[in-house]
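User: I would like to go through this model term by term, with each label set against its cut-off. Please give the criterion whenever a label comes up.

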Amino acid sequence: MANNNENPEFWERAFSEKQEMWGLEPALSAVLSRDFFVKNSVKNILIPGIGYGRNAQIFRENRIEVAGIEISKSAIEMAKKHNGGNMVIHHGSVTDMPFDQQQYDGIFCYALIHLLSGDERKKLISDCYNQLSKGGYLIFAVISKKAGSYGKGKLISDDRYEMFEGAQVYFYDEESIKAEFSEYGLFEITEVEENQSFYLIKCSKN
Ligand SMILES: C[S@@+](CC[C@H](N)C(=O)[O-])C[C@H]1O[C@@H](n2cnc3c(N)ncnc32)[C@H](O)[C@@H]1O
């Protein structure tokens, strides 16, 4: 079966059937990242895989300008409804980044990178880093091998499993985080309990 990136219909179907499937409250990782961005005077951010925008509002409430990238048109329509029409969201796959020449003070990427293949993950991190202004911050929230769902489904490659309805998920530990992010200014890894166990990864560009 095609993975969900070769098959954008996967997400289109999910959002048109289940609508705001994670509710409208921001994830804990978004709250923690808002605090970090505010403390560090971040003024504009990019959210790849913004979904229907549940994590955008708390940044905007703190005068942080938000732009997004999202593969599902239905999710973009919902995001515009919840956040007002005045937010730029590029329609397409992050695998086709960059979508603009903008430099951002921050990038917040929640629960997206672990859906990608190894090559796609590598490109995403590098593309995000390239769109960071000097002194900017990358924050990625990724699923952990400590999550209850780790090891369930069909093993595709090391630590990557095909789960419900064809989603392919790569589970991280500290070693794989260091392997993928070290060359991009990795400075902090925190464990966060969302609906599953996550890591919050912070990098900076000097
Ligand atoms: C697990 S959801 C997380 C959504 C959002 N970050 C949130 O927490 O509400 C993954 C999101 O990434 C989007 N997505 C998946 N693959 C993508 C890709 N290759 N390019 C852009 N967006 C993608 C999905 O449509 C979905 O909105």
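User: Why is Gly 49 called buried or exposed, as the case may be?

Analyst: Gly 49 has 23 C-beta neighbours inside 10 Å, and a residue is buried if 20 or more other C-beta atoms lie within 10 Å of its own, exposed if 12 or fewer, and partly exposed in between, with C-beta atoms placed from the backbone; Gly 49 therefore counts as buried. This is a predicted model, in which local features need pLDDT of at least 70 and side-chain atom pairs count only at pLDDT 80 or more, while totals for chains, interfaces and linings use all residues. Residues are numbered from 1 along each chain as its sequence is written.

User: Where does Gly 49 lie, and which residues is it in contact with beyond its sequence neighbours?

Analyst: Gly 49 is placed in the loop between β1 and α3, where helices (H or I, at least four residues) and strands (E, at least two) are DSSP runs numbered from the N terminus. Leaving aside neighbours within four places in sequence, Gly 49 is in contact with Ile 69, Glu 70, Val 94, Cys 109 and Leu 112, contact being two C-beta atoms, placed from the backbone, within 7 Å. Gly 49 is also among the residues that come nearest to the ligand, together with Trp 11, Gly 51, Ile 71 and Ser 93.

User: What makes a residue part of the ligand's surroundings, and how many residues are there around the ligand?

Analyst: A residue is near a molecule or strand if its C-beta atom, placed from the backbone, lies within 6 Å of it, and there are 21 residues around the ligand. By class, this shell has eleven nonpolar, eight polar and two charged residues, where Ala, Val, Leu, Ile, Met, Phe, Trp, Tyr, Cys and Pro count as nonpolar, Asp, Glu, Lys and Arg as charged, and the others, Gly among them, as polar.

User: How do you know whether Ala 167 is buried, exposed or partly exposed?

Analyst: Ala 167, in the loop between β7 (160–162) and β8 (168–170), has 16 C-beta neighbours inside 10 Å, so this residue counts as partly exposed. Ala 167 and Trp 11 are 156 residues apart in sequence, and their C-alpha atoms are 9.7 Å apart in space.

User: What is the phi of Arg 63, and what is the phi of Ala 111?

Analyst: Most residues other than glycine have a negative phi, and most peptide bonds are trans. Arg 63 has a positive phi of about 60° although it is not a glycine, and Ala 111 likewise has a positive phi, near 60°. As to burial, Arg 63 has 9 C-beta neighbours inside 10 Å and so counts as exposed, whereas Ala 111, with 21 other C-beta atoms within 10 Å, is buried. Arg 63 sits in the loop between α3 (57–60) and β2 (65–70), and Ala 111 in the loop between β4 and α5 (118–130).

User: Which peptide bond is cis?

Analyst: The bond joining Met 97 and Pro 98 is cis, with omega about 5°; Pro 98 is found in the loop between β3 (88–91) and β4 (104–110).

User: How do you know that the length of α5 agrees with that of a helix?

Analyst: The expected span is 1.5 Å times one less than the number of residues, so the 13 residues of α5 should span 18 Å, and the end C-alpha atoms are 19 Å apart, which agrees.

User: What puts the buried residues of α5 on the same side?

Analyst: Arg 121, Leu 124, Ile 125 and Cys 128 are buried in α5. They cover an arc of only 95° around the axis, which puts them on the same side of α5, the arc being that of the directions from the helix axis to the C-beta atoms. On the other side of α5, Asp 119, Ser 126 and Asn 130 are exposed, while the cover over the buried residues includes β1 (44–48), β4, β5 (132–143) and α6 (174–181).

User: Why is the protein called as compact as a globular protein of its length?

Analyst: The protein has six helices and ten strands. Its radius of gyration is 16 Å, close to the 17 Å that the globule rule gives for 206 residues, so the protein is as compact as a globular protein of that length; the radius is taken over C-alpha atoms, and the rule is 2.2 Å times the number of residues to the power 0.38. Buried residues make up 40% of the 206 residues.
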